[in-house]
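Me: I'm new to this one, so could you take me through it bit by bit? I'll ask, you reason it out.

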Amino acid sequence: MKHEQAGDLCNLKANMKNTFQQIFEGVPKAGKSMHLSQIYTEVYITEGGTAEVNQEHEVRQIETASRKPHRPETAIKLEDIFKAPPGRDWPIRTVMTMGVAGIGKTVLTQKFTLDWAEDKTNQNIQFIFPFTFRELNVLREKKFSLVELIHHFFPETKGIFSFEQFQVLFIFDGLDESRLGLDFNNNPILTDVTESSSVDVLLTNLIRGKLLPSALLWITTRPAAANQIPAQCVGMVTEIRGFTNSQKEEYFKKRFKDEEQANRIISHIKTSRSLHIMCRIPVFCWITATVLEDVMKTTEGGKLPKTLTEMYIQFLVVQTKVKKVKYDGGSETDPHWSPDNKKMIESLGKLAFDQLQKGNLIFYESDLTECGIDIRAASVYSGVNEKHRFFQSAVDMALQSPNGHLDLFLRFFLGLSLQTNQTLLKDLLTREEPSTETTDEAVQYIKRKMSEKLAADKIINLFDCLSEMNDLALVEEVQESLSSGRLSTDKLSSAQWSALVFILLSSEKDLNLFDLKKFINSDDDFARLLPVLDVSSKALLSVCNLSPSTCATLSTVLSSQSSHLRELDLSNNDLRDKGVTLLCGGLRSVHCTLTTLRLSGCLITEEGCASLASALDSNPIHLKELDLSYNHPGEEGVKKLTVQGSTWKPEKLRYGNVNYSCQLTIDTNTVNKKLQLSENNRKVTGVDESQSYPDHEQRFDYWPQVLCKESLPDRCYWEVIWSGKVEISVSYSGVQRKGGSNDCEFGFNNMSWSLSCSDEGRYSVCHQSKREFISSCSSSAPYHKVGVYVDYSGGTLSFYRVSSEIPIHLHTLKTEFTQPLYPGFGFWTGSSVTLC
């Protein structure tokens, strides 16, 4: 670089330091100016995504981002935004960074430029030229060459007429505010940096790499405008997710130097789900800080706002005071609801609601002008929606919205019905206000709507609406039952089911794993919790009494482009070949990225294996583990899944029943004296005559029962041959041995679980004295055999009739085991059990 050019660069950096060291927090020019280093807090940036338009409204995108990621993500440091990720050998020319409004895109570009100007980072770049589309819009009717455009905005570089020999970075901030055509299909090709053309043509050629191809480009945008740039022109897409929980705390501690005050605000925000989620957005943190600072300053020990409605109303009041003082020359003690202010807010409300109904996320100055709004005065407000009386219509409108664009409006609208919120706006509201009865009717209407089949985001928003109306009873009731372990899903109303879905979706726990088998006992239960499955990456659905028909729904989930499922456990459900064939429709889909599928004990035969083999051969990339143990694939079924030449190459394939088999031994110290041992203590028979066993503290002295010596491992399978009428059980060692009370009899206490079998073909299960009859069928087999499968950590106990060639699943009990388990048996006279 020549001496004169080096001087130009020094001047450019000096001016950029002066420009970017100061930041207007919140609304540009209306917020408070401060040094960037005083308030700057890192935001969470991730790699990934596509440069395509996201149809979801931004409120929903923030809700989604508040959950833990469904798949591993690559976090990116600001200074490494152009650094190629591992495994990528070619350089990145163009980065697109997406983020919702207020997430910090502009501040991020300012911090990047300031760090460069202060010689802290990215010194391999000789020149950084930050533009905003808002500035470029003004020049859309004029013509410049690329060099002239640079000189226009950065006069320090007027001594430089060629930039090809330098590493240059162009930053284009706010694509969503562009009023340029950006016609990539029809704009002429331009390669000469000294040739004049429209700003539109300059940008399309710069982005396509026709003009100054050596330059780096960084474009920021809201998701709704991302598709203005062709995907092939973008080297990498990044997304600003906003503040993590720790970054939220860091922001408020920087914003409030008083540590006690900062901690109070942080604690307060954590008590409100809505506020805590919205504080992922830095500009909402600024709104929150502005409001809470004012409330704590003006109201001694005052109640802090806990809902979004309260927060926005208080912010409106604060900003109206700012306008009164800053623009109207008044004082803070003057009445702030002047006629002009009322007219302004009414106009803003009309603009916001009209644009909201049209689905417009981005407003332009012309939109403000059309509503007769003074742009300068409007800049201090964040927008207010005009209030309507028709609560039910508002709820219906929001539920019918395909992308959630009315969600936040509905929350705010319903929140306005509270008397406490109306009091804050008492001089602004002029119409008759809703009565308490009307508000109660709105609450009941929302609860009735919850009985309908709704998507997860709609359920969440309805509960957020109830929260805005201070009606938390339904969620608190279900949450209390859930926390105490007393929740019984077979007694839940439709509204309570919705509350359970809301609680699960809003959980602070790791949302990657949903153990749904705790709540599902039927196909109907499965359908109610489908919104939870839609956002899960790992779903445990074993032992949920699911029928084959549920596999059609699961197939739809797997086929969805937005599916997050990576692991699916359907073990010990009677899915049979019909269910597996339905499931294979999803496995064939190019959108299915399932890596693990467990179908143990689902009564699958060779036919089901053939369907699986065909589906996996057509989509062989993702599934690495398939568990078909305790099924009946036969040699042909196994052959189809393991045939040489198949494109599907599993890392782990299980089949057969030998994986978890265990050997049992009778504990002779526990044998009741009315039981006779034979065949080397492998057979036990109920008899009338007392046997001459010595007394022992572990012996059952009343009930004709016996336990085995070995405690069972985490997963195990064993079989017994029986005759007559017997109880086949598992029990904790602490089950009582002396006396004839229920504490001693298998299945009639909280320490044992039992299957009752009889020669007549009747089966039943029993635990804590609750007996359930499960089967009544005769058998022509010369003997009776039962198989037992225990999954200790999974909390399941499964029984199978294995007398015939194809085992039959009898029943699976679900529980939470807390102590070591021991097999046990109970007898009627003349009955017997033989260990296999």
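What follows is a set of questions and answers about this predicted model.

Me: Let's start broad. How many helices and strands are there in the protein?
Reply: Keep in mind that we're looking at a predicted model. The protein has 836 residues, and 54% of them count as buried. As for the elements, the tally is 28 helices and 30 strands.

Me: What share of the contacts with a separation of 6 or more comes from residues 24 or more positions apart?
Reply: Here we set aside contacts with a separation under 6. Among the rest, residues 24 or more positions apart account for 72%.

Me: How many salt bridges does the count come to?
Reply: The rule asks for a side-chain nitrogen of Lys or Arg within 4 Å of a carboxyl oxygen of Asp or Glu. Lys 111 and Asp 115 are one such pair, with their closest N and O atoms 2.8 Å apart. By this rule the count is 26.

Me: Which helix do Lys 111 and Asp 115 both lie in, and are they buried or exposed?
Reply: The two residues are four apart, about one turn of the helix. Their helix covers residues 105–117, which is H4. As for cover, Lys 111 and Asp 115 are both buried.

Me: How far apart in sequence are the parts that Glu 177 and Arg 134 tie together?
Reply: Glu 177 forms a salt bridge with Arg 134, and their closest N and O atoms are 2.3 Å apart. Glu 177 sits in the loop between strand S8 and strand S9, while Arg 134 belongs to helix H5, so the pair ties together parts that are 43 residues apart.

Me: Is Glu 177 buried or exposed, or partly exposed?
Reply: Buried would need a relative accessible area under 20%, and exposed one over 50%. Glu 177 has 24%, so the label is partly exposed.

Me: Which strands does the salt bridge between Asp 791 and Arg 715 link?
Reply: The closest N and O atoms of Asp 791 and Arg 715 are 3.8 Å apart. This pair links distant parts of the chain, 76 residues apart. Asp 791 is in strand S26 and Arg 715 is in strand S21.

Me: Which of these labels, buried or partly exposed, goes with Asp 791, and which with Arg 715?
Reply: The cut-off for buried is under 20% relative accessible area. Asp 791 has 11%, so that residue is buried. Arg 715 has 29%, so Arg 715 is partly exposed.

Me: Which residues do salt bridges with shared partners join into one network?
Reply: Here the salt bridges share partners, and that joins the residues into one network. The members are Lys 538, Glu 567, Arg 598, Glu 625, Asp 627 and Arg 654.

Me: What distance separates the end C-alpha atoms of helix H11?
Reply: H11 has 17 residues, and 13 of them are buried. At 1.5 Å a residue, the helix should span 24 Å. The distance between the end C-alpha atoms agrees with that, at 24 Å.

Me: Are helices H17 and H20 roughly parallel or roughly antiparallel?
Reply: Their axes are 8 Å apart and pack at an angle of about 25°. Residues that meet there include Leu 410 and Leu 414 in H17, with Asp 464 and Cys 465 among those in H20. Angles under 35 degrees get one label, so H17 and H20 are roughly parallel.

Technical notes
Residues numbered from 1 in each chain as written. Predicted model: local features only at pLDDT ≥ 70, side-chain atom pairs only at ≥ 80, totals over all residues. Heavy atoms only, no water. Buried < 20%, exposed > 50% of the residue type's maximum accessible area, 1.4 Å probe, protein only. Expected span 1.5 Å × (residues − 1). Axes fitted to C-alpha atoms, helices over the stretch in contact; angles between N-to-C directions. Parallel < 35°, antiparallel > 145°, perpendicular 65-115°, else oblique. Contact = heavy atoms within 4.5 Å.
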